[in-house]
Amino acid sequence: MTSGIPLRDDFDGLALRALAKGTKDAAQARRLLALAEIYDGHSRSDAARIGGVTLQIVRDWVIRVNARGPSGLINGKAPGNQGKLSDVHRQALAKIVESGPIPAVHGVVRWRRKDLVQWLFQEYRISVDETTIGRELKALGFAKLSARPRHYAQNEGDLESFKKLPATLAAIKGRLPKNVEIELWWADEARIGQKNKITRRWARKGTRPLAPHDQRTMWTYIFGAICPKKGKGAGLVLPYCDTSAMNQHLLEISQAVDDGAHAVLIVDQAGWHVTPKLDVPDNITLLFLPPRSPELNPVENVWQFLRDNWLSNRIFKDYEDIVAHCCDAWNKLLAQPWKIMSIGMRDWAHRF
């Protein structure tokens with residue numbers, strides 16, 4: 001009969017029992033106590049009895065302790081199958097997802113997991129399932145998000161030039177009397193009516209929640225302007241969207257500007273914004289957004305916030321009811337200056 005594999009000599013039974021007492025791993029503690037019996041001169045059969053295992057498993061424990069010490073008796077996570085995708089494949093996958101499919105080449109207008117499975121096989125002859133693709137995309141930092149609309153004729157250069165706004169504001173300030181503070185304001189208009197928006201809502205899986213929806217066509221307009229840095233705003237609810245209404249809104253904004261300050265009011269290039277018939281107050285300078293770039297204006301996000309929280313999913317009885325709810329929603333926003341700051345602040349615009 002051959003003798004058992006000897007245990008390493010830098011431990012003893014007392015040391016292993018002390019380690020077993022301090023560990024929080026029950027399996028490791030049981031194995032340490034079993035091997036402590038061998039250090040104390042008892043047989044391998046006694047160690048197997050204490051460990052509740054066979055002699056072969058005791059032999060495996062001895063090999064593990066000799067190779068890695070007591071930590072070798074802790075069960076590790078199984079390595080599993082090696083992934084089919086290398087770093088080169090993952091980089092190619094990330095690149096093709098970010099660039100998006102070319103309909104004439106790939107035959108789709110958006111990537112689905114099944115499309116990416118097919119693309120990987122065609123490019124690299126690697127066969128994976130959709131679950132693997134989803135896991136790889138998540139590990140690469142991708143998620144399925146709603147796309148933000150962008151006008152097809154938008155000029156990227158115009159947007160980047162406009163984002164150099166602090167220099168423009170500095171030039172405007174240079175034309176004003178000394179020590180005049182610049183307030184940056186943004187303005188826009190939104191139509192609110194009986195054909196109202198339906199928002200997402202919580203509901204049980206497998207159901208489709210219902211919401212009231214009106215088909216009548218009465219509406220009004222909210223003229224809204226915000227100064228994100230100071231968390232203030234100025235708004236009017238008016239029946240028409242024209243030059244006369246804009247003149248009234250400019251007067252409202254002018255009264256909201258701090259004494260001794262000058263407002264730079266950023267608006268889009270709608271006809272009632274650029275007409276020479278506007279009566280622009282002395283404490284306001286108009287600055288126009290580039291064409292086809294509403295996403296630069298944070299008031300667009302204000303409209304989304306008002307609709308999602310206070311104006312959608314409603315049936316308006318008549319015009320007066322629409323006006324009342326619009327006024328209530330705008331006044332609620334003004335009562336939360338921190339919300340105006342949160343929605344409206346843009347780092348690239350407020351570096352002056």
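**A chat about strands, cores and salt bridges**

Colleague: Let's start with Ala261: which strand does Ala261 lie in?
Modeller: Happy to, and keep in mind that this is a predicted model. Strand β4 covers residues 261-267. Ala261 lies in that strand, β4.

Colleague: Is Ala261 buried or exposed?
Modeller: The cut-off for buried is under 20% relative accessible area. Ala261 has a relative accessible area of 8%, so Ala261 is buried.

Colleague: Which residues is Ala261 in contact with, leaving aside its neighbours within four places in sequence?
Modeller: A distance along the chain is a good place to begin: Ala261 and Asn179 are 82 residues apart in sequence, with their C-alpha atoms 8.9 Å apart in space. Leaving aside neighbours within four places in sequence, the contacts of Ala261 are Val180, Glu181, Glu183 and Asn283.

Colleague: What is the order of the five strands in the open sheet?
Modeller: The pairing in this sheet is mixed. Its edge strands, each pairing on one side only, are β3 (232-238) and β5 (284-288). The twist averages 25° from one strand to the next. Read across the open sheet, the order is β3-β2-β1-β4-β5.

Colleague: Which residue in β5 does Val267 stand opposite?
Modeller: Strands β4 and β5 run parallel and are joined by five bridges. In general, strands of a sheet pair through backbone hydrogen bonds, either parallel or antiparallel. Opposite Val267, in β5, stands Phe288.

Colleague: At about what angle to β1 does helix α10 run?
Modeller: Helix α10 takes in residues 165-174. This helix lies across β1 (181-193), β4 and β5. Relative to β1, α10 runs at about 115°.

Colleague: Which element gives the largest share of the largest nonpolar core?
Modeller: That core has 36 residues, and those with the most contacts inside it are Phe162, Leu165, Trp186, Val302 and Leu306. Among the elements that give it two or more residues are α9 (156-162), α10, β1 and α13 (299-311). The largest share, seven residues, comes from α13.

Colleague: How many residues does the second, separate core have?
Modeller: As background, nonpolar side chains in soluble globular proteins tend to be buried together. The second core includes Tyr221, Ala245, Ile253 and Leu286. Its residue count is 21.

Colleague: Which residue has its backbone oxygen 2.7 Å from a polar atom of the side chain of Gln154?
Modeller: Gln154 is found in the loop between α8 (130-139) and α9. Its relative accessibility is 8%, so Gln154 counts as buried. Leaving aside neighbours within four places in sequence, Gln154 is in contact with Leu159, Arg292, Ser293 and Glu295. The backbone oxygen at 2.7 Å belongs to Arg292.

Colleague: On to charges: how far apart are the closest N and O atoms of Asp46 and Arg49?
Modeller: The structure holds 15 salt bridges. Asp46 and Arg49 both lie in helix α3 (residues 44-51), three residues apart, which is about one turn of the helix. Asp46 counts as partly exposed at 24% relative accessibility, while Arg49 is exposed at 58%. In their salt bridge, the closest N and O atoms are apart by 3.9 Å.

Colleague: Why does the pair of Lys197 and Asp308 tie together separate parts, and how many residues apart in sequence are they?
Modeller: These two residues form a salt bridge, with the closest N and O atoms 3.3 Å apart. Lys197 is partly exposed at 38% relative accessibility, and Asp308 is partly exposed at 36%. Lys197 lies in the loop between β1 and β2 and Asp308 in helix α13, so the parts that the pair ties together are apart in sequence by 111 residues.

Colleague: Which residues are linked with Lys232 and Asp258 in a network of salt bridges?
Modeller: The side chains of Asp258 and Lys232 meet in a salt bridge at 2.7 Å, N to O. This pair links distant parts of the chain, 26 residues apart: Asp258 in the loop between α11 (243-256) and β4, and Lys232 in strand β3. Asp258 is partly exposed at 32%, whereas Lys232 counts as buried at 16%. Linked with these two in the network are Glu181, Glu183 and Lys230.

How values were computed. Residues are numbered from 1 along each chain as its sequence is written. This is a predicted model: local features need pLDDT of at least 70, side-chain atom pairs count only at pLDDT 80 or more; totals for chains, interfaces and linings use all residues. Side-chain values use heavy atoms; hydrogens and water are left out. Two strands pair if DSSP finds at least two bridges between them. Helices (H or I, at least four residues) and strands (E, at least two) are DSSP runs, numbered from the N terminus. Axes are lines fitted to C-alpha atoms, for helices over the stretch in contact, and angles run from 0 to 180 degrees between N-to-C directions. Contact means heavy atoms within 4.5 Å. A nonpolar core is a set of buried Ala, Val, Leu, Ile, Met, Phe, Trp, Tyr and Cys residues joined through side-chain atoms within 4.5 Å. Buried means under 20% relative accessible area, exposed over 50%, partly exposed in between (1.4 Å probe, protein chains only). A polar contact is a pair of N or O atoms within 3.5 Å; within protein, one must be able to donate a hydrogen and the other to accept it, and residues adjacent in sequence count only if both atoms are side-chain atoms. A salt bridge is a side-chain nitrogen of Lys or Arg within 4 Å of a carboxyl oxygen of Asp or Glu.
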